[in-house]
Each structure stands twice: as C-alpha cells, then as structure tokens.
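Biologist: Please take a close look at one helix and the part of the chain it packs on. Keep the sentences short, as I am new to this.

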Amino acid sequence: MPSRPVRGLLAALALLLSACAVRPGINPTVESDELTPPTPIGGMAGGPALVGATVQQPVNLDILVQIDTTGRADLSTLQITGPGADANRQPVADWLRTARFEPARLNGYPVRGWFRVAAEAKASSVRQD
C-alpha cells in the first residue's frame, strides 16, 4: 500500500487529469478572434500639409492615433515621431480632426483601435524669388 503522501499526490493528479479531460459536447470549439484595424473612409485626401521640408532634409513622420468606435481620431492619444514632428503637430491634428475612419472591428463588432500612417514631405528644388 502506498504511503499517505503518495496517495494524496495520486489523488490530486487524478483530480487534475479529470478536470482537463476533453468530453465531446461539453467543450465548444474555440474560435480565434478576428481583429481588423481602423481604415480611413474620408477626409484623408492628400494627407496633412507638412511644413519644414528642404531639399537636404525631408520631413518623415510616423503618426499613431487611436480611433474610437464612432470612427473619429482621439487626439489625446496622438503620437508623432520623426524629423519635423514638433513643427507638424498642429497640421497633423487639424488633418485628423476632419478625417473619418471605419473603426477597428473585433469579430465584427466596432472597438477602439490604433491607426498608424507614415507621412513624408520632400522639397524638389529651392524656390528663387
């Protein structure tokens, strides 16, 4: 006869295995969640009017903002990185204020989601006045 601690360990193992047993009809199949990111639907034509680009130094921005369930940008979450980010914060915010999005969807239901876009401005030549 096994000792008392061994019997306790075997009983705990049997209980654990029975809790993990697969019984058809009891465990429904688990479906993976399907998340689609927000997509622009209006007000995005041409992107923001970026300032500060020169022939030697283009402006390259990475713009990240959260889109709410109604399809509007939440400007309190706006993050802009890259050369020229400080000078272009207001033009980007103005652009996003008018933009409309199809909200992110989780299994078909609208949810808050992150929208990321890269914006670039280059000067092709120096204007002579």
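**The helix on the sheet**

Modeller: The buried residues of α2 pack against four strands: β3, β4, β5 (100–102) and β8. Keep in mind that this is a predicted model.

Which residues of α2 are buried? They are V92, A93, W95 and L96. Look down the axis of α2: these buried residues fall within an arc of 160 degrees, so they line one face of the helix. The general rule helps here. An α-helix has 3.6 residues a turn, so residues three or four places apart point the same way.

Now turn to the sheet. Three strands form an open sheet, in the order β4-β3-β8, and the pairing is antiparallel. The edge strands are β4 (73–81) and β8 (113–121), and each of them pairs on one side only. From one strand to the next, the twist averages 25 degrees. Helix α2, residues 89–98, packs on this sheet and touches β3, β4 and β8. The direction of α2 makes about 145 degrees with that of β4.

Follow β3 next. This strand covers residues 59–67 and pairs with β8 in the antiparallel sense, over nine bridges. One position to find is I67, whose bridge partner in β8 is G113.

Step back to P58, in the loop between β2 (39–42) and β3. Is P58 buried, exposed or partly exposed? P58 is partly exposed, because its relative accessible area is 22%, while buried means under 20% and exposed means over 50%. Leaving out residues up to four places away in sequence, P58 touches A53, P83, A121 and K122. Try E120 as well: 62 residues separate P58 and E120 along the chain, yet their C-alpha atoms are separated by 7.2 Å.

Last, place these parts in the whole chain. The secondary structure comes to two helices and eight strands. From the N terminus on, the elements run α-β-β-β-β-α-β-β-β-β. Of the contacts with a separation of 6 or more, 69% are between residues 24 or more positions apart. Buried residues make up 24% of the 129 residues. The chain exposes about 9200 Å², and carbon and sulfur atoms supply 58% of that area.

Definitions and conventions:
Residues are numbered from 1 along each chain as its sequence is written. This is a predicted model: local features need pLDDT of at least 70, side-chain atom pairs count only at pLDDT 80 or more; totals for chains, interfaces and linings use all residues. Side-chain values use heavy atoms; hydrogens and water are left out. Two strands pair if DSSP finds at least two bridges between them. Axes are lines fitted to C-alpha atoms, for helices over the stretch in contact, and angles run from 0 to 180 degrees between N-to-C directions. Contact means heavy atoms within 4.5 Å. Buried means under 20% relative accessible area, exposed over 50%, partly exposed in between (1.4 Å probe, protein chains only). The arc is that of the directions from the helix axis to the C-beta atoms. Accessible areas come from the Shrake-Rupley method with a 1.4 Å probe; for residues, only the protein chains shown count as cover.
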